[in-house]
Amino acid sequence: MKNRLVNYRPVFAALLLALTGLAAHAAPIEVPDPKGWAALTPEQQEERRAALKRQLQQATPAERQAFRQQLRERLETLSPQDRKALAAQTRDRWDSLSPEQRQRLMDERREQIKGMTPEQRRELVQQRRAMLEKLSPEERRALREKLPRD
């Protein structure tokens with residue numbers, strides 16, 4: 001069996017892509033349970049992702065930031081075993097996507113980042129650095145080895 005080091009990046013990326021932002025003006029958008037989200041079929045995830053995206057587009061920047069923070073906190077409260085299981089499941093789903101589906105998701109994320117203000121991009125970098133600080137040295141090394149070098 002191939003030895004896989006846990007890579008939290010796919011879990012965070014998939015969930016952040018799926019859930020970027022926060023609430024409609026009347027009531028905050030409920031942050032989905034990561035385990036419940038992972039249990040959904042890809043089609044169900046796509047439907048929920050689209051609905052959340054529509055709601056988040058109507059949210060204020062402060063509401064979106066609050067949502068991202070709640071999502072991050074929810075992911076951080078998972079046990080290490082649960083995080084590893086979610087990461088493995090997310091990686092397996094990613095691996096099962098067709099090259100066209102993968103490219104579509106990468107293009108969507110790229111466009112989402114291009115649409116951010118410089119301030120939002122700096123904040124995203126800070127959030128990613130904070131996430132990396134929480135990884136063990138082995139996990140950081142594994143992540144560096146997996147990332148493409150430009």
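Accessible areas were obtained by the Shrake-Rupley method with a 1.4 Å probe, and for residues only the protein chains shown count as cover. On that footing, the chain exposes about 10,100 Å², with carbon and sulfur atoms supplying 53% of it. The structure is a predicted model, in which local features need pLDDT of at least 70 and side-chain atom pairs count only at pLDDT 80 or more, while totals for chains, interfaces and linings use all residues. Residues are numbered from 1 along each chain as its sequence is written, and side-chain values use heavy atoms, leaving out hydrogens and water.

The chain holds eight helices and zero strands, where helices (H or I, at least four residues) and strands (E, at least two) are DSSP runs numbered from the N terminus. Of the 150 residues in the chain, 33% are buried; buried means under 20% relative accessible area, exposed over 50%, and partly exposed in between (1.4 Å probe, protein chains only). Contacts (heavy atoms within 4.5 Å) were also examined by sequence separation: among those between residues at least 6 apart, 73% join residues at least 24 apart.

Helix α3 covers residues 42-57 and includes Gln45. Gln45 counts as buried because its relative accessibility is 10%. Beyond its neighbours within four places in sequence, Gln45 touches Trp37, Ala38, Leu40 and Arg93.

Helix α4 (residues 61-76) offers a handy check on geometry. The expected span of a helix is 1.5 Å times one less than its number of residues; the 16 residues of α4 should therefore span 22 Å, in agreement with end C-alpha atoms that are 22 Å apart. Its buried residues are Glu63, Arg64, Phe67, Arg68, Leu71, Arg72 and Leu75. As helpful background, an α-helix has 3.6 residues a turn, so residues three or four places apart point the same way.

Further along, the axes of helix α6 (residues 99-114) and helix α7 (residues 118-133) come within 10 Å and cross at roughly 120°. Here axes are lines fitted to C-alpha atoms, for helices over the stretch in contact, with angles running from 0 to 180 degrees between N-to-C directions. The α6 residues Arg109, Ile113 and Lys114 meet Arg121, Leu124 and Arg128 of α7.

Finally, Lys134 sits in the loop between α7 and α8 (137-146). Lys134 is exposed, its relative accessible area being 55%. Lys134 and Glu76 lie 58 residues apart in sequence, with a C-alpha to C-alpha distance of 9.7 Å.
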